[in-house]
Amino acid sequence: MVDMVNNRFRKDMMKNASESKLSKDNLKKRLKEEFQHAMGGVPAWAETNKRKSSSDDESEEDEDDLLQRTGNFVSTSTSLPRGILKMKNCQHANAERPTAARISSVQFHPGAQIVMVAGLDNAVSLFQVDGKTNPKIQSIYLERFPIFKACFSANGEEVLATSTHSKVLYVYDMLAGKLIPVHQVRGLKEKIVRSFEVSPDGSFLLINGIAGYLHLLSMKTKELIGSMKINGRVAASTFSSDSKKVYTSSGDGEVYVWDVNSRKCLNRFVDEGSLYGLSIATSRNGQYVACGSNCGVVNIYNQDSCLQETNPKPIKAIMNLVTGVTSLTFNPTTEILAIASEKMKEAVRLVHLPSCTVFSNFPVIKKKNISHVHTMDFSPRSGYFALGNEKGKALMYRLHHYSDF
């Protein structure tokens, strides 16, 4: 028998006072129930007994059957071809909780088959991704708090949210179901906390301040570690994939590279042809840095040249957008770079890497259903691509080249 009362994690699972002790089998069932309740049902990967029983067409093997057997599958896996991207429209991620307010953040959970949608309607909502109905798991409503940005922690156990006009940082603990407001960080003199980044290793939180300041916080304690300052104003910043460096795009069209541990500037260079920067992103494999500017140009640099050269030349300048590039996102396999401008309708493109060519079949201009894009994200294994627009829709697409979520 397992003691339920004196364990703080199990105490919440008791349905009545008589359940002070449970057998291991019953505890296992209760944990299963809790998990299914949080996930909105049994996730597809947990259903092991559902197999195709049709023997008439053995060529149509179930994906799960393919994963059960060993064989020389890895050597035949191909890299993503350029030109046309095989994809299909899915049900909107937030179809079960429609809103008319602008979507400010869309992000896939790093571990579970869940997508988060947050916007100016003061709510952060979690949906289970199945591509068909995307059932809602829960919504967290924040009083008088139109959300500027919401983001999962690196381990997926917390959601962080900032507002358009407040210095409060909300932390939602997903395991405990608690909402924790961080009202004041000691030493942080910002009047409004808006734009922030979470380091890929989960150690740091970087807040973009005013007057060129960047503040590095401990993710665990939310305490200030130190600050860095650039000339001019901070337009955007991002961590390198190993969390050891920070790349900052300035309002003067310059890019600064910082060492996280010493908080010293390692390099500084002018983003070629940029009057002022708007967005910046680094690839997961540590190969590329992409810089988006006010004139619609996205420069793709080799990350090594950004660290060593005072005047690096971009590998390619992507010129398919004509208004300021406000969003940049690499997919996890570093085969696609999504670029978008919120200033113009349908201004979103998917760039193939390493050829640096744009996929010709996205977006479908005739349909005009994308509108102004404010946020984008790829699922952990690139199976899905989602974007949020100003009409309150989180559009979602299934990328057929990738078999996994």
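Q: How many bridges join β12 to strand β13?
A: This is a predicted model. Strand β13 covers residues 204-208, and β12 and β13 run antiparallel. In one of these pairings, F196 has I207 of β13 as its bridge partner. The number of bridges joining β12 to β13 is three.

Q: Which strands stand at the edges of the open sheet with the order β12-β13-β14-β15?
A: This sheet has four strands with antiparallel pairing. A strand at the edge has a single partner strand, so one side of it is left without a neighbour in the sheet. The strands in that position are β12 (196-198) and β15 (224-229).

Q: What does the twist average from one strand to the next in the sheet β12-β13-β14-β15?
A: The sheet is open, and its pairing is antiparallel. From one strand to the next, the twist averages 20°.

Q: Which strands are the edge strands of the open sheet with the order β4-β5-β6-β7?
A: The four strands of this sheet pair in an antiparallel way. From one strand to the next, the twist averages 15°. An edge strand here pairs on one side only, and the two are β4 (103-108) and β7 (136-141).

Q: Which residue in β5 does F108 stand opposite?
A: Strand β5 spans residues 114-119 and runs antiparallel to β4. Five bridges join β4 and β5. Opposite F108 in β5 stands V115.

Q: Is strand β9 mostly covered or mostly uncovered?
A: A residue counts as buried when its relative accessible area is under 20%. Strand β9 comprises residues 158-163, and five of its six residues are buried. Strand β9 is therefore mostly covered.

Q: Which residue takes a positive phi in the hairpin of β8 and β9?
A: Strand β8 (residues 147-152) runs antiparallel to β9, and five bridges join them. Within this pair, A150 stands opposite A161 in β9. The hairpin has five residues between the strands, and the residue with a positive phi near 80° is G156.

Q: Which residue in β10 does V159 stand opposite?
A: A hairpin joins β9 to β10 through five residues. Strand β10 covers residues 169-173, and four bridges join β9 to β10 in an antiparallel arrangement. Opposite V159 in β10 stands Y172.

Q: What percentage of residues 234-268 is strand?
A: UniProt lists residues 234-268 for "repeat: WD", in an unreviewed entry. The end C-alpha atoms of residues 234-268 are 14 Å apart. Over these residues the chain is 0% helix, and the strand share is 63%.

Conventions. Residues numbered from 1 in each chain as written. Predicted model: local features only at pLDDT ≥ 70, side-chain atom pairs only at ≥ 80, totals over all residues. Heavy atoms only, no water. UniProt positions renumbered as here; feature names shortened; annotations may be inferred. Pairing = 2+ DSSP bridges. Axes fitted to C-alpha atoms, helices over the stretch in contact; angles between N-to-C directions. Buried < 20%, exposed > 50% of the residue type's maximum accessible area, 1.4 Å probe, protein only.
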